[in-house]
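I'm opening a page for this one and jotting down what I look up as I go. Strands come before rings and cysteines.

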Amino acid sequence: MPQMPKEMVNRIFGPELEPDEQILWAGRPDQGFVFNKYEFLLVPLTIMWCSFAFFWEWSVISIFSSVGQEMENVPPPFEVMDIMFSVAGLPFCLYGLYLVFGRFILDIIRRRMLYYAVTDNRVIIISNMLGRSVNSHFLDSLTTVKLTVRTDNTGTIRIKDFDIIFVLFFLVFFIQMSHGQLERIDNVRQVYSLLNRERKGSFSFG
């Protein structure tokens, strides 16, 4: 049975279905704040980055301010350097704030906009993060189906190998991309069994 209300399933996935296609399961990722295992490493590093960025900005402003006060006539090149160095540090401060706080907020919004479905033909991943994005992974073409289970019986099913875009996205934004996986879903073992069963049926039919 779908883990989403039938009305929502029809509204979200109805326009994407083929005439004879049937939804076997539909669900969404866990909602709200999520603290992954790798955060034990990332959180100290991101706090260090943010602290250094703000220390750099404060140091630059303080140095140029103190030097400027000691000079009676501040030459124009010095004023230009003051502005340039001060402005140059702002992106690093903003990125530091994103790493410490913003990425968690972005991840909450990202998962709130995600919808998953397994049909008798494919896996459908819909994201409404930036407009409506529909990714289809046909069962007879899946080469990767990897299961990760957590103690609360939620987990992730990866249906696409990591690629360079996925890695670069994570290294820049420190959150996972939405496509290529059924992320943090309930009753993940049952969905995994359903997916493998339908894959075998798809291969035998083909």
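Which residue stands opposite Tyr-116 in β3? I looked it up, and Ile-125 is the one. Before going further, I note that this is a predicted model.

**Entry: the four-stranded sheet**

I wanted to see where that Tyr-116 and Ile-125 pair sits. I found an open sheet of four strands, ordered β1-β2-β3-β4, with antiparallel pairing. The edges are β1 (23–27) and β4 (133–138); each has a single partner strand, so one side of each is left without a neighbour in the sheet. I also looked up the twist: neighbouring strands here are turned by 15° against each other on average, direction ignored.

Next I went through the sheet pair by pair. β1 and β2 (residues 114–119) run antiparallel and are joined by four bridges. Here Trp-25 stands opposite Val-118 in β2. I then checked what lies on the sheet: helix α1 (residues 6–13) packs there and touches β1, β2 and β3 (122–127). The direction of α1 makes about 90° with that of β2.

Moving along, I counted five bridges between β2 and β3, antiparallel again. A hairpin of two residues connects these strands. β3 and β4 pair in the antiparallel sense too, over six bridges, and Ser-127 stands opposite Ser-133 in β4. Their hairpin has five residues between the strands, and Gly-131 in that turn has a positive phi of about 80°.

**Entry: β3, buried or exposed?**

I looked at the covering of β3 and found six of its six residues buried. In a regular strand the side chains alternate between the two faces of the sheet, so I took each side in turn. On one side I have Arg-122, Ile-124 and Ile-126, on the other Val-123, Ile-125 and Ser-127, and all are buried.

**Entry: the three-stranded sheet**

There's another open sheet, with three strands in the order β5-β6-β7 and antiparallel pairing. β5 (146–149) and β7 (181–185) stand at its edges with a single partner strand each, so each has one side without a neighbour in the sheet. The twist averages 5° from one strand to the next. I checked β6 (residues 155–158) against β7: the pairing is antiparallel over three bridges, with Gly-155 opposite Ile-185 in β7.

I paused on Gln-181, which is found in β7. What does its side chain make a polar contact with? The partner is the side chain of Arg-158, at 3.1 Å. Gln-181 has 2% relative accessibility, so I put it down as buried. Leaving aside neighbours within four places in sequence, its contacts include Tyr-116 and Ile-125, the two residues I began with. Thr-156, Ile-157 and Gln-176 are also among the contacts of Gln-181.

**Entry: aromatic rings**

I searched the whole structure for aromatic pairs and got six. For Phe-33 and Phe-104, the ring centres are 5.3 Å apart and the planes are at 40°, so I call the pair tilted. Phe-33 lies in the loop between β1 and α2 (39–70), and Phe-104 in helix α3 (residues 76–112), so the pair ties together parts that are 71 residues apart in sequence. Phe-33 is exposed, at 55% relative accessible area, whereas Phe-104 is buried, at 14%.

Phe-35 and Phe-40 make another pair: centres 5.3 Å apart, planes at 80°, so edge-to-face. Phe-35 comes out partly exposed at 38% relative accessibility, and Phe-40 exposed at 63%. I also found a cluster, where ring pairs link Trp-49, Phe-92, Tyr-95 and Tyr-98.

**Entry: cysteines**

How many disulfides are there? I get zero. Why is Cys-50 not bonded to Cys-93? The closest cysteine sulfur to that of Cys-50 is in Cys-93, at 7.2 Å, which is too far for a bond; the cut-off is within 2.5 Å. I looked up burial as well: Cys-50 counts as buried at 10% relative accessibility, and Cys-93 is buried with a relative accessible area of 5%.

Terms used:
Residues are numbered from 1 along each chain as its sequence is written. This is a predicted model: local features need pLDDT of at least 70, side-chain atom pairs count only at pLDDT 80 or more; totals for chains, interfaces and linings use all residues. Side-chain values use heavy atoms; hydrogens and water are left out. Buried means under 20% relative accessible area, exposed over 50%, partly exposed in between (1.4 Å probe, protein chains only). Two strands pair if DSSP finds at least two bridges between them. Axes are lines fitted to C-alpha atoms, for helices over the stretch in contact, and angles run from 0 to 180 degrees between N-to-C directions. Contact means heavy atoms within 4.5 Å. Rings of Phe, Tyr and Trp (its six-membered ring) pair if their centres lie within 6.5 Å; planes under 30 degrees apart count as stacked, over 60 as edge-to-face and the rest as tilted. A polar contact is a pair of N or O atoms within 3.5 Å; within protein, one must be able to donate a hydrogen and the other to accept it, and residues adjacent in sequence count only if both atoms are side-chain atoms.
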